[in-house]
Amino acid sequence: MTDIETKRGLGSEMGDATQFVDVALLKESLLQSPTPAHLIEACDKLAAKAHLIEVTRLVLEVTSLHLDDGQLSLAGATVILRYSSRYDIVETLARNTLRVDPDNVSAQAFLAHVRVVSGDVAGGCALFSGMMERYPEKRANICEFISMSLLEAGYPVEALKILQSHLMNGDVTAALLNNIGCALGRLNRSSEALPWYERALALEPSPDASFGYACTLLKAGRLADGWQIYSKRDLIVKDKSAWYLELPRLGPDDDVSGRKVLLFDEQGFGDTIQFIRCLPYLLERGAEVTVVVPPMLVRLLSQSFPGVCVRDKWSFGREDGYSYAAPIPDLPYISGVMSVRDIPAAIPYLRADEGDVARFAALLPDRRPRVGLVWAGERRAQSEYDLADKRRSTTLAEMGAALTPVEATLVNLQFGGPRAEIEAWNGQPLFDPMGDVRDMADTAAIMKNLDLVISVDTAPLHLAGALGCPVWLVSRWDACWRWGDEGSGTPWYPNMRVFRARERSFAPVLQEVGRALRNWL
């Protein structure tokens, strides 16, 4: 869509010695010329270095000094929504814009969007409906707003109905066509979605539409077409100023024999774990490979690929001699995975350290079978990702109620904030070894002591799959592209069983998993 577009990318806060210098220089320049375009440019520069907290601070400071500049407040709201989920700030800035300019359609759309994504779908839709009546000449733009709001909040059926109704009598825009493709893709109707993306791109090429089109091609199983477009995406990295992004990007036709190749993480831990399986392709062709990843993955990848140099990305300084660099999710494209038959089938391709396996074996209860549980994904900062994380996650209370009681030892594999839900859990005992976990290598060692892992769509799911552990995926109903539109299995992990939600609530599919678990026992 247009005005309310939330960009993919960037991640959690990362600081460096230049942070305060950058902020001071940007602030000084911005205060001399406080225009909406200048504010957005300055915040994008900060975000490119992953200074996301400073983005919010800068917006608040600049807009507070110019409260009578409604367009500046609107630009600030756009930036905050792009790089955070601080809907309270977005609402405050939008209201200030409306104080100055009561008929500002974009500011009104921000307020309606905030209601929808905050859970008041009826209230938000009522605001959008009122806008449709007041501004009939802007119905297409308003339809773009409301459909994307509904999509991000997890209502693709409703978004599709609104879009189809508008297209019967209203103007056609590239954003509307793109949103129809997105809605159909999230409804697991990928083949139907593709022509809508193609029409959108023919009308107005855009990076976001291309990315959606690529993911939908992949979801539809058209890997050869999908990877080619996917490889041209804007990289989703936390620090867009990293020196190795300046290196030539490795492609499938490049000769790597005797060359130094740097692979770096992009997007999330799950993507790194899923696609690192293709690394041996480069080694077989004579490349000298260095892998640069967050600290949580260094030890796991080092012990899994002993012939490869694995480095901590936050302490990895500039080095000479590299011929190419590539984001790890490009590896299937580089290595020629053009159909599901080409997916490397060597499972396991990740290894747990035997000493760590023995150490955790001594800590775990003796009673078998042991079943590991993961009920929530990481909660990321940006609005777009925060909403996706909500859609893919459930709670321990909901998962536990559906799966228990069972004649098994339950083992917690949940890391991060949602782990705190264990304190309020009063059901069947849940053994929690995660306090002794330092990194993903330790989590791998725990998994090798289990008989089954049950997880929502997040990194530990990929880890279990890559280790060859029996694993069950509890997939949200707008399934990620990598799991396809249908089916109870996946070619990416032959040891995985897929349970697909068929509605927004996880309750019915969790009941299905509970019945399957009792049958499995």
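**Exercise 1.** In this predicted model, find out why strand 10 (residues 496-500) can be called largely enclosed by the rest of the structure.

*Solution.* Start with the cut-off: a residue is buried when its relative accessible area is under 20%. Next, apply that test to strand 10, where 4 of the 5 residues turn out to be buried. The strand is therefore largely enclosed by the rest of the structure.

**Exercise 2.** Work out in which sense strand 9 and strand 10 pair, parallel or antiparallel.

*Solution.* Locate strand 9 at residues 471-475. Then follow its pairing with strand 10: the two run in the parallel sense, with 5 bridges. To see one facing pair, look at S475, which stands opposite R500 in strand 10.

**Exercise 3.** Now step back to the whole chain. Explain why its radius of gyration agrees with that of a compact globule.

*Solution.* First, take the length, 521 residues; a compact globule with that many would have a radius of gyration near 24 Å. Then compare: the chain has 24 Å, so the two agree. For the extent, the C-alpha trace spans about 65 × 55 × 45 Å along its principal axes. Finally, add the burial: 56% of the 521 residues count as buried.

**Exercise 4.** Describe what the chain is built from and what it exposes.

*Solution.* Begin by counting elements: the chain holds 23 helices and 10 strands. Then turn to the surface, where about 21200 Å² is exposed and carbon and sulfur atoms supply 52% of that area. Last, consider charge: the mean positions of the 55 positive and 67 negative charges lie 4 Å apart.

Conventions. Residues are numbered from 1 along each chain as its sequence is written. This is a predicted model: local features need pLDDT of at least 70, side-chain atom pairs count only at pLDDT 80 or more; totals for chains, interfaces and linings use all residues. Side-chain values use heavy atoms; hydrogens and water are left out. The radius of gyration is taken over C-alpha atoms; the globule rule is 2.2 Å times the number of residues to the power 0.38. Buried means under 20% relative accessible area, exposed over 50%, partly exposed in between (1.4 Å probe, protein chains only). Accessible areas come from the Shrake-Rupley method with a 1.4 Å probe; for residues, only the protein chains shown count as cover. Lys and Arg count as positive and Asp and Glu as negative; His and the chain ends are not counted. The place of a charge is taken as NZ of Lys, CZ of Arg, CG of Asp or CD of Glu. Two strands pair if DSSP finds at least two bridges between them.
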